Amino acid sequence: MSIQDPRERPLEMQQAADEKHSRFREPDSDFLSYLTLWKYIRDRRADLSRLGVPATVP
């Protein structure tokens, strides 16, 4: 049984994925990109919690 590498994307979906990921991209540092993503998730969970929605991030 083989599992597809999650870094591989179908050619027809690469542009859409790049656009979605661009909000988290920090050109100077991968670490800052992860930190930006982490802050987004934290803020999103807080927003959902205030609304009484279970904190699941799509």
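This is a short talk on the pocket, the surface patch and the salt bridges of one structure.

Hi everyone, thanks for coming. One thing before we start: what you have in front of you is a predicted model.

Let's begin with the pocket. How much space lies in the largest pocket? The volume comes out at about 330 Å³. If you want to find the largest pocket on your screen, click through its lining: H21, F24, R25, E26, D30, S33, Y34 and L37. Sorted by class, that lining has three charged residues, three nonpolar ones and two polar ones. And which element gives the most to the lining? That would be helix α2, with four residues. The helix itself covers residues 30–51, so keep it on screen, please, because we will come back to α2 twice.

Next, the surface. F31, L32, L35 and W38 make a nonpolar patch of about 440 Å². Let me pick out one of these residues, L32, which is found in α2. Is L32 buried or exposed? Somewhere in between: L32 counts as partly exposed, because its relative accessibility is 36%, and the window for that label runs from 20% to 50%.

Now for the charged pairs. How many salt bridges does the structure hold? There are four, and I'll walk you through some of them.

Start with R7 and D5, whose side chains meet in a salt bridge with an N to O distance of 2.8 Å. The two partners have their own surroundings: R7 is exposed, at 69% relative accessible area, whereas D5 is partly exposed, at 24%.

Moving along, D18 pairs with R9 through their side chains, at 2.7 Å from N to O. Here D18 is partly exposed, with 34% relative accessibility, and R9 is also partly exposed, with 33%.

The last one I'd like to show takes us back to helix α2. R50 forms a salt bridge with D47, and their closest N and O atoms are 2.4 Å apart. Where do these two sit relative to each other along the helix? They are three residues apart in α2, so about one helical turn separates R50 from D47. As for the surface, R50 is exposed at 62% relative accessibility, while D47 is partly exposed at 35%.

So, to put the α2 story together: this helix gives four residues to the lining of the largest pocket, it holds L32 from the nonpolar patch, and it carries the R50 and D47 pair. That's my tour, and I'm happy to take questions.

Methods: Residues numbered from 1 in each chain as written. Predicted model: local features only at pLDDT ≥ 70, side-chain atom pairs only at ≥ 80, totals over all residues. Heavy atoms only, no water. Patch = residues over 30% accessible without salt bridge, like charges linked within 9 Å, V, L, I, M, F, W, Y side chains within 5 Å. Areas by Shrake-Rupley, 256 points an atom, 1.4 Å probe, with all protein chains shown as cover. Buried < 20%, exposed > 50% of the residue type's maximum accessible area, 1.4 Å probe, protein only. 1 Å grid on protein atoms, 1.4 Å probe; cavity = no way out; pocket = protein on both sides within 12 Å on 5 of 7 lines; lining within 4 Å. Points joined across faces, edges and corners; volume = space filled by probe spheres on them. Nonpolar A, V, L, I, M, F, W, Y, C, P; charged D, E, K, R; others polar.
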